Amino acid sequence: RGGQQLVLAIEGLLYDANYEQLNSIVMSHLTDPALLSVKILEETQIVLHLGRQGEGLEIVDLADKTLDYPAAETRQVSVTHKGRALAEVELVFSRESLERQVRQMIESAIGGVLLMLLVESLLIIMLVRKNISRPLRQLIHVFGQIADGHLDAPIPRETAKDEIGRL
């Protein structure tokens, strides 16, 4: 998601050739722990290549360097403006961060499904209590009165067309 936002943010800057602001935008996106490096190429020329390096993963200019990120995924995206190709953007993401984001999305989806199942279960319980349990309790109470000799006990007149209504 961060990569899509970055590509959208730099489209206009590349079109206007505003490289100073482009550098600033890329630097701000590199604060995302999932994003390791960004390389922007116009035709075959490197316009900008920033990435994280070292133990502290400080952001550095990688214009003349090639870094190998061992546990990373690389994505290449074309940047176009009004149908015209402006540049190619190469984004390098931390595989660990991507996997963590996928796990979080899966956990959120599972939580949503479980919540939906809980709500549906509560609705079913309420319907069963209203349409089956309560009428049966009323009938058991009336039949208990009749069994005790109170033959004039009022019988609830249910208009239901199901078995409980017929009973």
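**Entry 1. Nonpolar cores**

I began with the largest nonpolar core, which has 15 residues. Within this core I noted V26, V38 and I40 as the residues with the most contacts. I then looked up which elements supply it: α2 (19-29), β1 (35-42), β2 (45-53) and β5 (84-94) each give at least two residues. The greatest contribution to this core comes from β5, with five residues. I also found another core lying apart from it, made of five residues, including L62, Y69, A72 and V92.

**Entry 2. Confidence**

I record here that the model is predicted. For the protein chain I read an average pLDDT of 80, with 84% of the residues scoring at least 70. Among its elements, helix α3 (residues 95-147) has the highest mean pLDDT, 90, and helix α1 (residues 2-16) the lowest, 63. Where pLDDT is low, predicted coordinates should not be read in detail.

**Entry 3. Surroundings of E73**

I next located E73 in strand β4 (residues 72-81). Is E73 buried, partly exposed or exposed? Its relative accessible area is 25%, and E73 is therefore partly exposed, because that class lies between the limits of 20% and 50%.

I listed the residues that E73 touches, leaving out those up to four places away in sequence: L91, V92, F93, R95 and L98. V92 is also one of the five residues of the second core noted above. For F93 I looked up the C-alpha separation from E73, which is 5.2 Å, although the two are 20 residues apart along the chain. With R95, E73 makes a polar contact of 2.9 Å between side chains.

Definitions and conventions:
Residues numbered from 1 in each chain as written. Heavy atoms only, no water. pLDDT = per-residue confidence, 0-100. Helix = DSSP H or I, 4+ residues; strand = E, 2+ residues; numbered from the N terminus. Buried < 20%, exposed > 50% of the residue type's maximum accessible area, 1.4 Å probe, protein only. Contact = heavy atoms within 4.5 Å. Polar contact = N/O pair within 3.5 Å; in protein donor to acceptor, adjacent residues only side chain to side chain. Core = buried A, V, L, I, M, F, W, Y, C linked by side-chain atoms within 4.5 Å.
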